[in-house]
Amino acid sequence: MLILSRKTNQKIRVGDSIEITVIEVRGDQVKIGVEAPRSVKVFREEIYDEIQRENKAALATGNIDSLSQLGLK
């Protein structure tokens, strides 16, 4: 894991097309902005985990033929 220190309005680049900006730091809370192409899905981790659980549950019910139909690899 890469750990970086940033101040408000400073940015982090991920590859050529993703930019993360520190918007605000207040106490133990940090607000960030993410600029990425529309083709890149950006989720909070707890939302991503819930999507994964729901997709796997749908697969288990037999309504979906394969993980590839859910966009999972």
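**Salt bridges, strands and a helix**

Modeller: Leaving aside its neighbours within four places in sequence, Ser 17 touches Glu 35, Ala 36 and Pro 37. The structure is a predicted model, in which local features need pLDDT of at least 70, side-chain atom pairs count only at pLDDT 80 or more, and totals for chains, interfaces and linings use all residues. Residues are numbered from 1 along each chain as its sequence is written, and side-chain values use heavy atoms, with hydrogens and water left out.

Biologist: What makes Glu 35, Ala 36 and Pro 37 contacts of Ser 17?

Modeller: Contact means heavy atoms within 4.5 Å. Glu 35, Ala 36 and Pro 37 are in contact with Ser 17 on that criterion. A separate value is the C-alpha to C-alpha distance from Ser 17 to Val 40, which is 9.5 Å, with their positions 23 residues apart in sequence.

Biologist: Where does Ser 17 lie, and why is Ser 17 called partly exposed?

Modeller: Ser 17 belongs to the loop between β1 and β2. Buried means a relative accessible area under 20%, exposed means over 50%, and partly exposed lies in between (1.4 Å probe, protein chains only). Ser 17 has a relative accessibility of 41%, and therefore counts as partly exposed.

Biologist: What makes Lys 11 and Glu 19 a salt bridge?

Modeller: A salt bridge is a side-chain nitrogen of Lys or Arg within 4 Å of a carboxyl oxygen of Asp or Glu. For Lys 11 and Glu 19 the N to O distance is 3.0 Å, so the pair meets the definition. Glu 19 also forms a salt bridge with Arg 13, where the closest N and O atoms are 2.9 Å apart. Lys 11, Arg 13 and Glu 19 are thus joined in a network of salt bridges.

Biologist: Buried or exposed: how do you know which word suits Glu 19, and what of Lys 11?

Modeller: Glu 19 has a relative accessible area of 15%, which is under 20%, so Glu 19 is buried. Lys 11, at 40%, falls between the two cut-offs and is therefore partly exposed.

Biologist: How do you know that Glu 24 and Lys 31 form a salt bridge?

Modeller: The closest N and O atoms of Glu 24 and Lys 31 are 3.6 Å apart, within 4 Å, so the pair qualifies. Glu 24 is partly exposed at 22%, and Lys 31 is partly exposed at 44%. A search of the whole structure finds six salt bridges.

Biologist: Why are β1 and β2 said to pair?

Modeller: Strands (E, at least two residues) and helices (H or I, at least four) are DSSP runs, numbered from the N terminus. Two strands pair if DSSP finds at least two bridges between them. β1 and β2 (residues 18–26) have four bridges in the antiparallel sense, so they pair. Arg 13 has Glu 19 in β2 as its bridge partner, and Val 14 has Ile 18. These strands form a hairpin with three residues between them, and Gly 15 in the turn has a positive phi of about 65°.

Biologist: How do you know that β2 and β3 pair?

Modeller: Seven antiparallel bridges join β2 and β3, so the requirement of at least two is met. Val 25 has Val 30 in β3 as its bridge partner. Their hairpin has two residues between the strands, and Gly 27 in the turn has a positive phi of about 65°.

Biologist: Why are β1 and β3 called edge strands?

Modeller: The three strands form an open, antiparallel sheet in the order β1-β2-β3. β1 (11–14) and β3 (29–35) each pair on one side only, and are therefore the edge strands.

Biologist: What makes the length of helix α1 agree with expectation?

Modeller: The expected span of a helix is 1.5 Å times one less than its number of residues. For the 17 residues of α1 (residues 45–61) this gives 24 Å, and the end C-alpha atoms are 25 Å apart, so the two values agree. Gly 62 follows α1, with a positive phi near 90°.

Biologist: In what order do the elements run?

Modeller: From the N terminus on, the order is β-β-β-α. Of the 73 residues of the protein, 10% count as buried.
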